[in-house]
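Colleague: I would like to go through the pockets and the ligand site. Please show me the entry before we start.

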Amino acid sequence: MQNRYEIATMDGDGIGPEVCQAAIRILKEACGASLLNFTAHEGGAGLYQRTGEVLPEDSFDACKAADAMLHGAAGLPGVTYPDGTEAGNDLHLQLRFRLDLFANVRPIRLYRGVKSVLADWQPGQIDYVIIRENTEGLYASRGAGVNLRGELVTDTLVMTRKGVERIARFAFDLARQRKGAPRDGRHRVTVCDKANILKTYAYFRAVCDEVALGYPDVEIDHAYVDAITVHMLKRPDFYDVIVAENMFGDIISDLGAGTVGGLGMAPSGELGLDHALFQGSHGSAPDIAGQDVASPIATVLSGAMMLRWLGDRHADTRLSAAAVRVETAVERVLAEGRVVPRDQGGMARCSEVTEEICRQLR
Ligand code: IPM
Ligand code: MN
C-alpha cells in the first residue's frame, strides 16, 4: 500500500487526448486529489511526424518507472514506416514487448442500456473475458519479417512454452476468480486455436491442456477460431474466459466488442509481472478527433481496470473500492439513458458523458 501511485499517461493521437483526459478527470473524482499522480508523456504518430520518434526514451523510462500506464489511442492513417506498417502502433508494441506485457485482458460485457446487435440477448447474458497472449504469436514477427526483393515476404508465427504456459495459467486463474459463464455458472476456459491445421496452434492447445490439469475445478473447452466466431454470435452466454494467441485474440476481441455495443464499450488492460498499460480497445478515430463527440466509456472502464489491478497488487482497498465506484457510475449512466454517447445512438458529447459520470460519482 502506497500513499500515492504514479500513473504515466499518454494521450496519443486522434481522439486519444479527449478520452484519456476524460478518464483522468473521472479517476481523480473517484480517488480524490492525492491518491493518484498523473504525469503526461508524449508518444504516437503525431510525435513521429514531428520528431521521427514514436516513443522517446524518456517517455519509455517514465512508463517503466510508473505504477501503471493509461493511454488514449495511437496511430494516424498514412503515417507509416518504410516497410509499410503504421508508425503509431509502434507505441503500443514497444511498450508491450519491452515491458513484457504478456496478458491482454479484454472484458466483453453487455451493460444495461446498451443494445446488442445480437437480437434477444440481455445484459448479464454476455459477460466473458478474452485473454490475448500479447508478446509472441504472429506479432513476434512485427518488424522482423522477411521481404526478398519485393517478391517473397513472410512473417513467422512464434510460440514458446513459457509464453503459452503463462497465458494459460493467467486464464485459468481468472476463471477461478470469476462467477462462471452466464449460461450455466461453470468456471470455464475456452482455448481458441487452429490446432487441426497448424503445429503452432496444436502446441498452444497441448500446453493449455497441460496447464488445465492443475485446475480440476475449471472446465476446459476448445474451439477453432473460425467456429468460435459463430459461437460468439449464437451462444455468447456459454463463455467465461477465452484464451487465444496474439493475432487470433486481436481479431476475436473486436468481434466480441461488436456484440456488446462496439469498440466504444471495450476496455483493455495489458498486464505484465511488473508493469501494466490500460486503454480502450478502440483506435484513434481521427475522423472524429477534436469534435468532443467520442465516447470516453472504453477508456474510463480501462481506468477502472487499472484501479482494480493496482488495488490487488498493492493490497490497497481504497483503489479496489474506487474501481467499483467508477464501474457503478458508468453502469448507472448507461442504464438511466439520459446522457447517451453517440456510438450508442445518443447525442451526448464526450464532455457531457464525462460530467454525468462525475455527477454519479459525487
Ligand atoms: C489492438 C490494436 C493493436 C494491435 C494495434 C493498434 C497495434 O489493434 O490493441 O487491438 O494490433 O494489437
Ligand atoms: Mn485490434
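Colleague: Which element gives the most to the lining of the largest pocket?
Modeller: This is a predicted model. Strand 4 (103–109), strand 5 (127–133), helix 5 (161–177), strand 11 (267–271) and helix 9 (297–314) each supply at least two residues of that lining. With 7 residues, the top contributor is helix 9.

Colleague: What is the volume of the largest pocket, and which class of residue is most numerous in its lining?
Modeller: The volume is about 1,100 Å³. Of the 33 lining residues, Val105, Leu174, Gln177, Met305 and Arg308 are the closest to the centre. The lining has 3 polar, 11 charged and 19 nonpolar residues, so by the class definition used here the answer is nonpolar.

Colleague: Which pocket holds ligand 1?
Modeller: Helix 4 supplies the largest share of the shell around ligand 1, 3 residues. Helix 4 also gives the most to the lining of one pocket, with 4 residues. That pocket has about 820 Å³ of space, and the space taken by ligand 1 is this second largest pocket.

Colleague: How much of the accessible area of ligand 1 does the protein cover?
Modeller: The residues around the ligand are Asn89, His92, Arg96, Arg106, Arg132, Tyr139 and Asp250. Side-chain N or O atoms lie 2.8 Å from a ligand oxygen for Arg96 and 2.7 Å for Arg106, and a polar side-chain atom of Arg132 is 2.7 Å from a ligand oxygen. Of the 320 Å² that ligand 1 has on its own, the protein covers 80%.

How values were computed:
Residues are numbered from 1 along each chain as its sequence is written. Chains are lettered from A and ligands numbered from 1 in the order in which they are written. This is a predicted model: local features need pLDDT of at least 70, side-chain atom pairs count only at pLDDT 80 or more; totals for chains, interfaces and linings use all residues. Side-chain values use heavy atoms; hydrogens and water are left out. A residue is near a molecule or strand if one of its heavy atoms lies within 4 Å of it. A polar contact is a pair of N or O atoms within 3.5 Å; within protein, one must be able to donate a hydrogen and the other to accept it, and residues adjacent in sequence count only if both atoms are side-chain atoms. Accessible areas come from the Shrake-Rupley method with a 1.4 Å probe; for residues, only the protein chains shown count as cover. On a 1 Å grid over the protein atoms alone, a cavity is a set of points where a 1.4 Å probe fits but cannot get out, and a pocket is an open set with protein on both sides within 12 Å along at least five of seven lines; lining residues have an atom within 4 Å of a point. A molecule sits in a cavity or pocket if more than half of its atoms lie within 2 Å of its grid points. Grid points are joined across faces, edges and corners, and a volume is the space filled by probe spheres set on the points.
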